[in-house]
Each structure stands twice: as structure tokens, then as C-alpha cells.
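Here are my notes on the ligand site and the empty spaces in this model. I've kept them as numbered points so you can follow along with the structure open.

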Amino acid sequence: TYSLKTDLRLAASGIILNQDLTEDFDWLGIDRFTLEIVLRREFCLKFSNQVEWKCNSRVTELIVDRSLNIVKGVKYRSKKNTGSPLLEIYGDFIIDCTGHNTSSPKWLKEKFNLIVPTIQIHYGCGYVTCIGERFRTGDPSLDSVAVIGSSVNSPENNFGFIVTPMRTIDTTDHDSLGILATLAINCVNSEYPPNDSYENLLEWAKENLDQEYYAVLKSIKVCSPLLPYRRAVDARKYVETLGKKWPQNYILLGDAICALNPQYAQGMTHALRHARELGKIFGESCHMLKDISHIFNRRAAVVTEECWFASTANDWKTPTLKVIETHKNGEVKTYQR
Ligand SMILES: Cc1cc2nc3c(=O)[nH]c(=O)nc-3n(C[C@H](O)[C@H](O)[C@H](O)COP(=O)(O)OP(=O)(O)OC[C@H]3O[C@@H](n4cnc5c(N)ncnc54)[C@H](O)[C@@H]3O)c2cc1C
């Protein structure tokens, strides 16, 4: 982990944001695959004989008792053999944490005729990401920090930049900082940076990014393909507004409830705070199982609201903004600036 106060250099519109924090925070620099392995190991160590993994499987529908408004289980099948029969699994409490493309809205409509109110904010987000070894730029204010980032501030500045460590590496090269890092250039307003070659990206960066970020990009020895990602939107489901219409023993958690602008790196914290809240509710030992999904939806909404506000405040300023709202009655409204 890195100190947000001293190991990072985060800027917006040329102003360094993190140096005057009254309280320090840890920044976790890790790639998602390593993180997943670490989390799974922790999980197994804690609950070894209570866990059964079902890998390479896709959940395809809910098993419900509509008259009791309860989700009792799910049907799933092997991803490797899509023609295989559906299998069933039952549980006392079922958590949908299948991310922002969750099929829950579809399943809930099919099984309970329940429409989940949603909002999607399309701000033309695009990422080009790669992995590389960091080398000295010659500028101590850049070389001394582990994380360097600058956020979008549309419409004046539609590009952001972040370099964040994944792991330290042993090296005898004195010009190397000994850091394997993820580098990402992001945009809004569909002004996508090129990803066809490093040379083109570098040339583009020279024209479109501040010189210090160009210097960091130039000093990185890229060791992966340049990966584009253009599907990120702010997407929130207002599950809490459905009250007791929401089924018992079933919740959405993390991105499944709300996907946030990746630029602010809140997604993991958001999901983990949801998980902690759920743990607290079970830990309070005074709630009936049938009430837990409703209590969770209310408390999770508070967490989501905080992250949502931070995530979307700037996105509203995007010149080509598109917003799609689905109301409780099923009416869909699209607004395009
Ligand atoms: C470009 C980009 C950069 C990001 N950078 C950061 C960052 O720096 N820091 C940060 O905190 N967050 C970041 N995020 C956000 C972060 O990735 C997400 O918030 C986080 O992964 C959400 O976790 P989750 O478990 O809710 O969903 P996911 O990580 O999406 O996991 C969902 C899982 O469910 C599986 N699944 C889907 N459908 C089914 C099904 N029907 N049956 C069974 N399994 C299914 C999927 O295969 C997947 O493994 C970034 C996101 C993007 C797009």
C-alpha cells in the first residue's frame, strides 16, 4: 500500500489534490488477478470446509416462490458446455455480485414482474491501458512518487492519466524505478486516444496531455498490448426505492447495484463497503432473515450515494452527455445533450 499523502501525486486542472489532506489513506497498488487470488485464499483459509467453488459456470435464471416474494436459488450451467442441462442450487441468502452487466433486472421482471428503476449516464468514456516498467524521467517530483494521476475536467480537459504500481520488481538497471505499473489514459466525450501503436499513443500524448504525463509515458517500457475499453458508464439501480416489493433473501452487491466512473477508482471500495455492511447486518443478530435484503438495500444505498455523487459530479458536464432513465412503471426516457 502507498500513502495517499506522500506516495501519490494526484491532480485536477493542474492543481495537486492530495498533499493537503487532513487524514492519510492507503492506496492499494495491485492488479485485479492477484487481488482475486489473495481474496480467494483468505476466504478459503477462513471457511475452508464451508466453501464449494463452482467455476466456469453461468447463472441463467432465478428459482423463486412468487407468492412468498422469495428467491430460493439459481439455475446455472457450465460455460464450457453450453448445451448441457441446467443445474439448480439453493441457498438461504443469495447475493448477485455479477457486475454491471447483471441480468437481475431481466430476471426480476420475468419472475416477479418487478421493474428496477435505473439511471445510466453515458459520458463517452474510453480507456487505453497497458502494463510497463517505470524508468526515471529525470524529474524528482515524478520519480519519487508511486502513483501519478490527473483527472478529466470536461469540457476544458477531456483526458485523464494514471500510472499506478502493480508490484515491485528486482532490477540491476539504475534507471529503472523497480516498479511494474499499470498505465491508463482515459477520455470522456468519446475523444478516444489511439491504441494501434505505442508510437501513435506517444505522439497523441505529446499534443493532448500535460508535458509531465507525456514524460512519464515516454519513460515507461511497455510490456503488454495497448488495451482499449469503451464500455464504462455510470449505471445505478435504485433498488432501495422498491421497499418490500424487493424479494426476500436476495440482494445485488457492488457493480451489480451501481457501476461508477472508473476514473475515481472507487469500484472496489464501493463493493467492499457493501460487503462490510452486509456482514454488519448479519452480525447484529437481531434481524429476521426475511428482512435482511430490505435493510441491506437501504444501507447500501447510502454507500452508493456517496460514491455516485463523487463519480458523477463531473460527468454531467460532458458536452455529448446521454442519460437513460428507466422508471418504476417501465417507462424509459433518453436524454441526449
Ligand atoms: C477500465 C476500468 C478501470 C477500473 N479501475 C479501477 C480501480 O483502479 N480501482 C477500483 O477500485 N475499481 C476500478 N474499476 C472498477 C472495478 O473493476 C469494479 O468496481 C469491480 O470489479 C466491481 O466488482 P464486482 O465484484 O461487483 O463485479 P465484477 O468485478 O465485474 O465481477 C463480476 C463477476 O461475475 C461474473 N459473472 C457475470 N455474470 C455472471 C453470471 N450470469 N453467472 C456467473 N458469474 C457471472 C463475471 O465473470 C465476473 O467475474 C475499474 C473498472 C474499469 C472498467
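1. A quick definition before we start: a pocket here is an open set of grid points with protein on both sides within 12 Å along at least five of seven lines, and a residue counts as lining if it has an atom within 4 Å of a point. Also bear in mind that this is a predicted model.

2. Let's take the second largest pocket. Its lining is made of 15 residues, and the ones nearest the centre are H100, N101, Q120, V233 and A235. Three strands each give two or more residues to that lining: β9 (118-122), β16 (234-237) and β19 (322-326). The space inside comes to about 270 Å³.

3. What is the class make-up of the lining of the second largest pocket? Seven of the residues are polar, while four are nonpolar and four are charged.

4. Now the ligand. It has 16 residues around it, with R32, V59, D255, G267 and M268 the closest. Two elements, β5 (57-65) and α6 (267-283), supply at least two shell residues each. β5 has the largest share, at three residues.

5. Which atoms of V59 and D255 should you look at? For V59, look at the backbone: an N or O atom there sits 2.8 Å from a ligand nitrogen. For D255, go to the side chain, where an N or O atom is 2.8 Å from an oxygen of the ligand. A265 is worth a click too, since one of its backbone N or O atoms lies 3.4 Å from a ligand oxygen. As for how much of the ligand is covered, on its own it has 990 Å² of accessible area, and the protein covers 64% of that.

6. By class, the shell around the ligand splits into seven nonpolar, six polar and three charged residues.

7. Last, the enclosed space. Rolling a water-sized probe over the atoms is a way of showing where empty space remains. How many cavities of 30 Å³ or more does the structure hold? Just one, and the largest cavity has a volume of about 30 Å³. Its lining consists of V152, S154, V188, N261, Q263, N314 and D315. Sorted by class, those lining residues are four polar, two nonpolar and one charged.

Methods: Residues are numbered from 1 along each chain as its sequence is written. This is a predicted model: local features need pLDDT of at least 70, side-chain atom pairs count only at pLDDT 80 or more; totals for chains, interfaces and linings use all residues. Side-chain values use heavy atoms; hydrogens and water are left out. On a 1 Å grid over the protein atoms alone, a cavity is a set of points where a 1.4 Å probe fits but cannot get out, and a pocket is an open set with protein on both sides within 12 Å along at least five of seven lines; lining residues have an atom within 4 Å of a point. Grid points are joined across faces, edges and corners, and a volume is the space filled by probe spheres set on the points. Helices (H or I, at least four residues) and strands (E, at least two) are DSSP runs, numbered from the N terminus. Ala, Val, Leu, Ile, Met, Phe, Trp, Tyr, Cys and Pro count as nonpolar, Asp, Glu, Lys and Arg as charged, and the others, Gly among them, as polar. A residue is near a molecule or strand if one of its heavy atoms lies within 4 Å of it. A polar contact is a pair of N or O atoms within 3.5 Å; within protein, one must be able to donate a hydrogen and the other to accept it, and residues adjacent in sequence count only if both atoms are side-chain atoms. Accessible areas come from the Shrake-Rupley method with a 1.4 Å probe; for residues, only the protein chains shown count as cover.
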